[in-house]
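Open the structure in your viewer and keep the selection panel handy. We will walk through it stop by stop.

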Amino acid sequence: MGLLSKKDAKLISDPLADNNPITIQVLGICSALAITAQLKPSIVMAISVVFVLGVGNVVISLMRNVIPSKIRIIVQLIVVATLVIIVDQVLKAFAYSLSKELSVFIGLIITNCIIMGRFEAFALGNGPWRSFLDGIGNAAGYGLILIIVGFFRELLGSGTLFGFKVLGDPVEKTGLYAIGYENNGFMVLPPMALIVVGIIIWVQRSKNKELIEEH
Amino acid sequence: MAINTDKNSYTVIFAIIMVVVVGALLAGFASGLKPMIKANEKYEKQQNILYALGVNNNEGPNDVEFIPTTEVEEEFNKYITKQLVIQGDEVTENDEAYLIDIKKEEDQAKKDESYTRKLPLFVAEKDSKEVYIMPVRGKGLWDAIWGFVAVDKSMTVQGVYFDHKGETPGLGAEIKQRYFMDDFTGEKFLDGGAFKGIDVAKGNNDPKNEDTTDNEVDALAGATITGDGVTAMLKKDVRLYVPYFKNLNK
């Protein structure tokens with residue numbers, strides 16, 4: 001990478017794999033359960049979080065020397081809330097149908113612990129450019145898991161991807177359904193997201209033994 | 001940095017400045033975007049009403065495609081011949097009936113028993129047949145559900161449109177899918193002259209919906225409470241219009 005130094009590139013690549021916010025730090029699980037029943041909301045949620053965390057990290061980083069430490073959590077909360085409201089309003093004005101599909105989820109970004117976590121742990125102690133990379137990297141790591149989980153849950157739970165019937169029609173009994181395949185209704189329920197995340201964690205840790213905690 | 005960020009006075013001043021800046025920013029955004037959001041909401045209502053009437057851009061068997069926002073106003077004026085407001089026995093024409101907030105009306109009627117609800121009704125002409133479209137609103141599992149129901153003079157359904165605020169994707173949220181909404185077409189609200197409603201029923205043994213006289217449509221698996229919500233919503237809100245239709249058929 002010519003544009004980024006090795007250290008900076010690690011800020012993006014680390015959270016995608018070996019320091020993933022969901023599978024390694026186990027943060028942001030709540031929204032990963034709630035919105036991954038279908039692929040499309042997962043992707044829009046991922047993009048929104050990339051925006052909020054990228055911009056938020058920069059804003060916090062720029063203000064890091066003037067934020068009074070006593071009220072820093074409140075200040076962080078205000079920054080997230082402001083960004084989320086702006087995203088919500090802009091979607092409502094320019095992409096109304098999309099915003100209707102996601103309104104609840106967009107609001108829920110405020111409660112995503114990854115965002116507050118990165119503000120507190122990184123942006124308060126680093127410059128704007130590095131904070132920006134860190135924000136994008138962590139949000140992408142989060143989004144990646146959302147998309148993987150959303151893919152499997154929609155495919156196995158409803159037999160569709162982006163709403164298209166990729167496995168055939170369950171009512172007309174075409175495609176896979178003709179030979180007796182059935183959708184797994186469990187997959188659309190939130191607990192199965194936890195199990196899918198668990199499987200991802202298992203696969204990741206069996207590939208990279210260093211990630212396994214000793215105690 | 002020379003500023004002592006630990007001082008109380010600094011903290012208070014910082015908080016005040018922050019609130020003022022954020023407040024101004026958000027207020028600016030909200031009022032700047034408000035006209036667009038309002039217009040979107042209006043178009044959406046018109047699109048939904050037209051959808052219930054069967055005026056849409058559906059191509060494939062699973063599409064739920066509205067008339068595009070750029071054309072919806074024109075189409076709306078073309079199909080909707082009259083907008084009525086029914087208040088008790090009084091029926092008046094009102095070109096802005098579609099802007100009546102039926103949630104507010106319902107709340108007010110609940111609070112004040114002497115208040116008679118304003119009921120909007122849209123009269124449309126499609127294929128030289130009069131169709132009446134009613135708004136409905138109720139509760140799903142998590143939040144509000146609402147929709148529009150188009151019926152003919154005998155209260156036989158010509159089409160419906162349902163929407164929801166936050167039903168579970170893949171389960172309750174499926175009420176806005178074609179395979180659910182299309183089932184309603186042809187069903188009857190009346191049974192031998194009396195109002196019966198249309199039940200979203202689990203065991204009606206009619207998944208293809210061939211029987212349109214049973215006052216039942218097939219329910220969605222895994223979405224019992226949302227389905228019951230649809231049943232209750234239709235019973236509660238469509239019933240209000242029964243006197244009007246009785247008058248109409250006299």
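How many salt bridges does the rule count over all chains? The count comes to 15. Bear in mind along the way that this is a predicted model.

**First stop: a pair inside chain A**

Select A:Asp134 and A:Arg118. They form a salt bridge, with the closest N and O atoms 2.9 Å apart. The pair links distant parts of the chain: A:Asp134 belongs to helix 7 of chain A, A:Arg118 to helix 6 (residues 113–121) of chain A, and the two are 16 residues apart. Buried or exposed, what are A:Asp134 and A:Arg118? Both A:Asp134 and A:Arg118 are buried.

**Along helix 7 of chain A**

Now extend the selection to residues 128–158 of chain A, which make up helix 7. Its 31 residues, at 1.5 Å a residue, should span 45 Å, and the end C-alpha atoms lie 43 Å apart, so the expected and modelled spans agree. Step just past the helix and you reach A:Gly159, which has a positive phi near 70°.

**Over to chain B**

Pick B:Asp182 and B:Arg178 next. Their salt bridge brings the closest N and O atoms to 2.6 Å. B:Asp182 counts as partly exposed because its relative accessibility is 35%, whereas B:Arg178, with a relative accessible area of 14%, is buried, since buried means under 20%.

Then go to B:Asp237 and B:Lys236, whose side chains meet in a salt bridge at 3.2 Å, N to O. B:Asp237 is buried, at a relative accessible area of 1%, while B:Lys236, at 33% relative accessibility, is partly exposed. Add B:Glu106 to the selection: B:Glu106, B:Lys236 and B:Asp237 are linked in a network of salt bridges.

**Last stop: where the chains meet**

Show both chains and select the residues in contact: 32 from chain B and 29 from chain A. Together the two chains bury about 2,600 Å², 70% of it on carbon and sulfur atoms. Highlight B:Phe14, B:Met18 and B:Pro169, which supply 20% of the area that chain B buries against chain A, more than any other three residues. Next, colour helix 1 (residues 8–53) of chain B; this helix gives the largest share of the side of chain B that touches chain A, with 17 residues. Sorted by class, that side of chain B has 17 nonpolar, 7 polar and 8 charged residues.

How many salt bridges does the rule find across the interface of chain B and chain A? It finds 0 there. Polar contacts between chain B and chain A number 5 residue pairs, both residues at pLDDT 80 or more.

Key:
Residues are numbered from 1 along each chain as its sequence is written. Chains are lettered from A and ligands numbered from 1 in the order in which they are written. Side-chain values use heavy atoms; hydrogens and water are left out. Contact means heavy atoms within 4.5 Å. Buried area is the accessible area (1.4 Å probe) that two parts lose on being put together, summed over both. A salt bridge is a side-chain nitrogen of Lys or Arg within 4 Å of a carboxyl oxygen of Asp or Glu. A polar contact is a pair of N or O atoms within 3.5 Å; within protein, one must be able to donate a hydrogen and the other to accept it, and residues adjacent in sequence count only if both atoms are side-chain atoms. Helices (H or I, at least four residues) and strands (E, at least two) are DSSP runs, numbered from the N terminus. Ala, Val, Leu, Ile, Met, Phe, Trp, Tyr, Cys and Pro count as nonpolar, Asp, Glu, Lys and Arg as charged, and the others, Gly among them, as polar. The expected span of a helix is 1.5 Å times one less than its number of residues. Buried means under 20% relative accessible area, exposed over 50%, partly exposed in between (1.4 Å probe, protein chains only).
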